[in-house]
Amino acid sequence: MSSKARLMQGNEACVEGAIAAGMRFYAGYPITPSTEIAELSAEMLPKVGGKFIQMEDEIASMGAVIGASLTGLKAMTATSGPGFSLKQENIGFASLTEVPCVIVNVQRGGPSTGLPTLPAQGDVMQARWGTHGDHPIIVLSPSYVKEVYELTIRAFNLSEKYRVPCILLMDEVVAHMREKVELPDPSTIKIINRKKPDPSIVNYEPYRDYDGDGIPPMASFGEGIPFHVTGLIHDVTGFPSTNAKVTEALITRLMKKIYDNLDDIVDYECISVEDAETVIISFGSTARSVLRAVHLMRQEGHKIGMIRLKTIWPFAYKAIQNLSSAVKNLIVAEMNFGQLVETVRASAGGRFEVSGLNKFNGELITPDEVIAKVKEVMGRA
Amino acid sequence: MGERMEIRLSGSGGQGLILAGIILAEAAILDGKNAVQSQSYGPEARGGASRAEVIISESSIDYPKVTKPDILLALTEEALMKYKDNLKPDGVIIIDSSIKKPELPVKIISLPIIETAQNRTGKVIVANIVALGALTTATKIVSKESTEKAVMDRVPKGTEELNKKALYSGFELGESL
Amino acid sequence: MRKELEKYFRTEKLPHIWCPGCSHGILTGAVVRAIDNLKLDQKKICIVSGIGCSSRAPGYLNFYTLHTTHGRALAFATGIKLANPDLKVIVLTGDGDCAAIGGNHFIHAARRNIDITTIVFNNSIYGMTSGQYSPMTPKGSYATTAPYGNIDRNFDLCKLAQSAGATYVARGTVYHIPQLIKIIEKALQHKGFSLVDAVSICPTYFGRKNKMGSPVKMMEFIRDVSIPIKSAEKLSKEELAGKILIGEFYEEQAPEYTEEYAKVIEKSQEGD
């Protein structure tokens, strides 16, 4: 046994990953089932010289995170559905002002106060379109405790690289379960830091695309270059504008910096899809039930496979489009009334029959339920 | 031992079953196996039915929840009644001797867990550790050495001796079968 | 404008968007003069605002400036100050931004005694959205959303700040500029959460709705109803009705939040 193997809770792995990624600021508000992330951040951050603050509400937490990130610190907050709703206003601010930050949403049953201690995956669409207006966002979803660690690091890296808020969309099962984890040697972890303005730049303009990659270099408050940041539509200087061309250019760049880099951002795992006639698409803890069902059905000789999404948004359109024509059915298994299934259906473009396996009663979808659904769909074909 | 062993520890809130589950999972990891521990809880911090679940496997663990336990521990009648029916056919139930032994188609082991905690350590609060010791030796699901190390790593400073005594009493209970 | 003050402004962004007769420019000038009088390091100052007429001020000022969401300036400012305590953080906000939608952030920033100076451009009305009543609109006044007269009671922001834990609390007006500059200087020098309630005028909305006449008349009105705190002590409740009390209400030295957090860092690292 490796000396580093230990039993770790999902929420704990999130904090470990965040600190490994360079998180030095956390602002949050207590909410089940994410609270352990705040508690552990409060304990661990000062030990590495970082800062923790429990704010007066979820809105303030998101504001404080953005403020801290503007001074150059990597910052994170964690919440669950009700708090995620409240954070949306300032998530939009971070999207438009391109301030890197990580938002963890440990999903629980909803809507409203819903089922505070029970799992759900009902915030899939809110994670994509929760704040108003066209905006870029990246959403990651871990299935294993070890993957919570890895994807938290990745969330910081993507957020820093693309100057975009990145959401780690967990569910209660993966957040609260404890699982064997072997943490990697910190020196082997790839860390990405935001691009800083080249010192040779005179009259720095905070939103100018100096490098032509759609990502402006980011100065920090306190570094000596005064600049302005506003939640209004702004030109390359950072000052407000209502000019149609400026507006169009800004929104286009915001979206393109993500959609031009899908190969770098989108990540998923294909399991037994090569000869599959039925492919199940899933994510988070639900994917583990699907994986078990795939194993069991393969043993019985059924041609079944799965795609496990590690990024939910931007959606892995290619994963669907690349499926061979041997595939007859797609099933989207998710703990909600049917959210991602519509996006999968759109991606399928009529090539495959698409149906949903949905559960929204506060219980994880079981392998038996997956098997029953597959058999139902196969019987229909 | 089978490929995937499912263990459910049940009783009332405050009996320390979640801690027992965590220790059991850690002992399995010390044995070089994979383990997943999860729990269900209501809004109340104390009282009510409580359960911790542990899955131990030589290979990686996909579905993380217990469906048909191989082992059920029940420290209260309420917990036994709630969870007794869906064990695997070759499963085993370990109950506290204060519970009336039910008629069930699986093996039932009745052990004086709570009484032993009271008589041997003077503290009922360590019944969870006594139970863990008994479960370890009765089922051999994890090694005694790993359980002991896991217990010592987890229990609060200053309570090591108390917990060690509880654990050894539990080992004896399981070995007496 | 005095030549030596120009460096504090983004002169290319002027003229400002405020209406003729609006006194927010005077208040912005007072803030800059206080900074200049204290010879504070321009590259160590961060100015944060929310949404509204007042919150446009940072855009004209040559510092690190952040124009946030409605009411949230203090939340962002708290993150900035805790993340980088070397920065002098100033929040410019309005009466609606600070006391209504930002009320929760306001009382909690005061409670923490975090070293932020909050200057409220208090013109008793929502100007940006064209004249709705705010929590500081006097009872009985008219607004577009109070066509029959405002029945809401208004906050005394200074009392609110003091009871929430602010350690420097003062009020000035656009009519009494030398005093206001002195008050802002003291607030900026104070270690801890400081509040300056800066009474301003909005001729376009509050003035017209309440038939107050020209901007000059509104300034005269402020002059006539303002009373120094000391003089107010001798007056009865009836005599004080409708008056604006100006001066320093409260000052105390108390542990400051970011300094307390520095101790947390030390404590967490003990024995490592």
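Q: How many salt bridges are counted between chain A and chain B?
A: The count between the two chains is 1 salt bridge. Keep in mind that this is a predicted model.

Q: Cool, which residues form that salt bridge?
A: A:Arg292 pairs up with B:Asp62, and their closest N and O atoms are 3.5 Å apart.

Q: And how many residue pairs are in polar contact between chain A and chain B?
A: There are 8 such pairs, with both residues at pLDDT 80 or more.

Q: Which element of chain A gives the most to the side that touches chain B?
A: That would be helix 10, with 5 residues. Elements of chain A that each supply at least two residues include strand 1 (5–9) and helix 7 (172–176).

Q: What's the mix of nonpolar, polar and charged residues on that side of chain A?
A: On the side of chain A touching chain B, 10 are nonpolar, 6 are polar and 6 are charged.

Q: Switching to area: how much is buried between chain A and chain B?
A: About 1,800 Å², and carbon and sulfur atoms give 60% of that.

Q: Which residues in chain A lose the most area to chain B?
A: Those are A:Leu7, A:Arg178 and A:Lys180, together making up 35% of what that side buries.

Q: New topic, strands! In what sense do strand 9 of chain A and strand 2 of chain B pair?
A: They pair in the antiparallel sense, over 2 bridges. Strand 2 of chain B covers residues 34–40.

Q: What's the bridge partner of A:Arg178 there?
A: In strand 2 of chain B, the partner of A:Arg178 is B:Gln37.

Definitions and conventions. Residues numbered from 1 in each chain as written. Chains lettered and ligands numbered in written order. Predicted model: local features only at pLDDT ≥ 70, side-chain atom pairs only at ≥ 80, totals over all residues. Heavy atoms only, no water. Buried area = accessible area lost by both parts, 1.4 Å probe. Salt bridge = Lys/Arg side-chain N within 4 Å of Asp/Glu carboxyl O. Polar contact = N/O pair within 3.5 Å; in protein donor to acceptor, adjacent residues only side chain to side chain. Helix = DSSP H or I, 4+ residues; strand = E, 2+ residues; numbered from the N terminus. Nonpolar A, V, L, I, M, F, W, Y, C, P; charged D, E, K, R; others polar. Pairing = 2+ DSSP bridges.
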